[in-house]
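Please look over the structure shown below, and then follow the report through a few of its parts, one at a time.

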Amino acid sequence: MALQKTIVKERIHDNSSETLQDVWISSKRSTSDFNLTESMDDSVWIAGKNGEFRDIVIKHIKESEEFICFSTFLFGDELIEKALLDASDRGVRVYMLCPSEKIDKDFEDEEDIDERAEEHKEFLDRVGGRILIRSAEHLHSKFILIDPKSQEKRVGFLSTANFNRALYGNPEIMIRLESGEIDSLFIQFIHGFWEQAQSEHMKTEEGRGRFPAVSKPPEDLNTGMSSCDLPVTVKSPRSKYENLSLHEKVLNFITSTDGALTISTYGIENDYDVTKGISEMAKTREVTLLAPLKPVNAESYANLCKAGVTVLGIDRLHAKVLIGESDGEKIGLLMTANLQPKGLDTGYETGILLKENRLMKVLQIIENWKQSAPWVYKDSIKIGKATEDILVRGEITTARGKTQRYIVEKILDLSEENLPGIKQLSIEIEPEPQQKNSSALSRKVKYRWIIERPILPKDAQRIEEDKEEPLPLFKKGNQVFIVVTEENDIPKAIELKRTKYKGARIVIQ
Amino acid sequence: MSESSKLPEINLRRTVVVFQIEAIIEMQRQVDREELITLLRFGKETIDEGEKLTPKRVVEDWLIGFPVSSGKRLLRILEDLGLIQRETGSRNIELLPSPDTSYILTEEGQNAEATDILFMPERLAVAIQYVVDPLVPDRIISIQTHSERLKDLITRNDKGWNQLEEYDSIDLPEELEEIVGKEVTVYEGNRAGLAIIDSFGQRVIPSKPDSTIQLNLQFLPQQSPRLAISKNSRIHEAIIDKSLETQLEYKKVLLGLIRQIGRNWSEEKEAISVRFREIDYPQKMSFVADVPIANPELKDLATFENCILKKVPIAPRTSADAQKWYEFLIVEGIESYMTEGGFSDYAEKQKKNFTRFGFDLETPTLEEMIEGYSNIRDDNTYHPIYWFLNAPRDLSLGRER
């Protein structure tokens, strides 16, 4: 058979036995399977595009008469802002606790955090002086109290979501506070305002200042923190508010409850007694962790997974909830804190123990999320065994919305662009292309490349003495050429080159 | 803010022209001649013991071993200086005294022996700087022994003034006539000495144009006025003429100056009575005002340069002024958060600033303050005081509504 000037060569690379570390495997469900309404009832909400929780908050702001205490980590909601400013114009004092311009990304590290932080800063600049804002980096709790001193009119809400676009899309839970909880959260707010805030934003004669440091509170002010009976985190020494430690409450919840333990969190610290407590529980109980697809949590997920915890992934999940059982009854704790020292130990955070109706509704939400969670975490998996879509660590952020799929076979054309010099390869040599990272998801990769065969130069001269050789020989200068004309000639040419003409080039005519 | 008024320091200043003449003067100049004082002391002791002071006695008991002529010469020197005189009263100026000529101490001699201060007649060429100003009655600013022109003449001729006709001479300025016979300070380079001018001789006009000096008259409450004269960066304190002192009594001067500018001084409050609307922010805060006075004038002492009376106490003129002022201070002093109790204590403290003025003031309530500030809005933002008063009330326990 006559030889072609170009030739296509192929090689199959089998990845089936390769192990993938730290992956989310598709459960073949999606968040669209969440079959919940935003208002579970008048005491529990989930975030949603209808903004039902926002509407109820705005309704109460509009009805406020005295003052509003508002705490959030980030703010960016036009309608709530307008309601707050309208209230301020009516003479309702609006007090707010939040971080200032520097946002600690250990609390929130979504890819749009810079945009959210900028939105938050712009809000502060707009409203300073109309709303009295005090700030500190660790202020992370999210609640709003409306007329908290009025026994008749007071109302309050705790939210796992920041008061920004998180209210409309993230998996978040918001609850209405009961009267006693409003009392306690009011005390927490007083404490946050006078004792924990570090700077203040109000309009001074110099204009809207850049958060000057706060001065000491009046000496005769009654802040009453010692009478707060909610689990909260405060930066004061433990001994003073020992009964208020959110850290201990959470740890106690994890280790002292029984039955199935379900935890929903946004952040989880790996080397932390709370996380270790969860791993320990997995030896004897069914433990499920609902968590977002955050690469920074991967180490914790891996260790929890190895310990037997079922880690279910929901993109952007941000709600912080613990569900367990005590004496055969379900109990729950809804929090603003992540399972991290920055939240449970030194953050300004709040936890509410859920009972009765609110607990039932939150259980319903959590159960729904468990059933609908689109991803299951695996610390390692053989490619050959993976039969579903998978997400690999490090590609989650960029892959959001267009997930990487497992591919059975992949053809990779090698060209000058990805393998320079490939066309000039000698006939007898095959390339060894490096396996690229992206191909690690494929069970098999077929590499394909094209070789342009070398041609005998026109002015090469026949070597007369070659008549005893099996193939014709030519020479140009000192370069010897072995000429092949059929595919069957190639092995002969290679042998001839190996044995007698080491520097020769194999060419076609 | 001070609770009691403190009257201000008054500093009046004017610049006066210094005139200068150069002159030859005869004067009694204080000298340091210890040996003559010792001899006088010896003479007094001798006379006090009932003995005679004679040349012979001097070399026998004081200048032991010296010839009697030494005693004669020494006593003759004292006689020439007018410190001793012959007991007989007669004196032959041509001859030295005899060994037994007996002397007694003159009044000057007794003074010199008692004070150790000896004046000797001297003829000096001096430059005299003087001013004509009622604050400097003795006129003289300085007498310096530096007139080179006249010094040269003295060495050539010491027989009298009339022979120096080759130089232009001027009449002695009238103002300097008064200093003859008075004690003055004469400078020789940096050395100063006391002298009494006996008479002026040749006078010539100054070689340099006149300069100026600053007269600084300072008054402090309950103190005598002080006059400082500064010249060539040196300041010395001059003595105020006794006859001036009574009219320069501090309070009279202060009131005179304040009336001069038409301000209303309250003797009872020891302050200028002011309307609240007249005063500026620092004055409201401090209860004192810097009061400028154009061309301040003191009776018989002419005018001075424009001055500013610093930190003159001011007081509200009427009860209405006091009330406005009080409310202003309450507002201005609120720089941070206050509880209701804290505000009450604070308002009382501010009220004490007005106690000495004797007005009955009304303290606004916290509610009134908050109400007032809820209507003060700039660009829709509340004044910081709105928050300072509201936040502690809202964000504290107790007082449920």
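## Two helices side by side

In this predicted model, helices α1(A) and α2(A) count as roughly parallel to each other, because angles under 35 degrees are placed in that class and the two axes cross at roughly 5°. Two packed helices are described by the angle between their axes and the distance between the axes. For the second of these values, the axes of α1(A) and α2(A), the latter spanning residues 78-89 of chain A, come within 9 Å.

The contact between them is made by R54(A), I58(A) and I61(A) on the side of α1(A), and by L79(A), I80(A), A83(A), L84(A) and A87(A) on the side of α2(A). Sorted by class, this contact of α1(A) with α2(A) holds 7 nonpolar residues, no polar residues and 1 charged residue.

## The arginine of the first helix

R54(A) belongs to helix α1, which covers residues 52-63 of chain A. Is R54(A) buried or exposed? With a relative accessible area of 15%, R54(A) is buried, because the cut-off for that word is under 20%. When residues up to four places away in sequence are not counted, R54(A) touches D77(A), L79(A), I80(A) and Y168(A).

## A buried threonine in a strand

T350(A) lies in strand β19 of chain A, which runs over residues 349-354, and its relative accessibility of 0% makes it count as buried. Apart from neighbours within four places in sequence, T350(A) is in contact with a list of residues that includes S141(A), F143(A), L158(A), L230(A), V232(A) and M335(A).

Two of these partners can be described further. The side chains of T350(A) and S141(A) are joined by a polar contact of 2.6 Å, while M335(A), which is 15 residues away from T350(A) in sequence, is 5.7 Å from it in space, taken from C-alpha to C-alpha.

## Chain B and one of its strands

Chain B has 401 residues, of which 45% are buried, and contains 13 helices and 16 strands. Among the contacts in chain B with a separation of 6 or more, 65% come from residues 24 or more positions apart.

Strand β13 of chain B, residues 288-293, has side chains that alternate: A289(B), V291(B) and I293(B) point to one face and are buried, whereas V288(B), D290(B) and P292(B) point to the other and are not. This strand, β13(B), runs antiparallel to strand β14 of chain B, residues 307-316, and 5 bridges join the two. The bridge partner of V288(B) in β14(B) is P313(B).

Conventions:
Residues are numbered from 1 along each chain as its sequence is written. Chains are lettered from A and ligands numbered from 1 in the order in which they are written. This is a predicted model: local features need pLDDT of at least 70, side-chain atom pairs count only at pLDDT 80 or more; totals for chains, interfaces and linings use all residues. Side-chain values use heavy atoms; hydrogens and water are left out. Helices (H or I, at least four residues) and strands (E, at least two) are DSSP runs, numbered from the N terminus. Buried means under 20% relative accessible area, exposed over 50%, partly exposed in between (1.4 Å probe, protein chains only). Contact means heavy atoms within 4.5 Å. A polar contact is a pair of N or O atoms within 3.5 Å; within protein, one must be able to donate a hydrogen and the other to accept it, and residues adjacent in sequence count only if both atoms are side-chain atoms. Two strands pair if DSSP finds at least two bridges between them. Axes are lines fitted to C-alpha atoms, for helices over the stretch in contact, and angles run from 0 to 180 degrees between N-to-C directions. Angles under 35 degrees count as roughly parallel, over 145 as roughly antiparallel, 65 to 115 as roughly perpendicular and the rest as oblique. Ala, Val, Leu, Ile, Met, Phe, Trp, Tyr, Cys and Pro count as nonpolar, Asp, Glu, Lys and Arg as charged, and the others, Gly among them, as polar.
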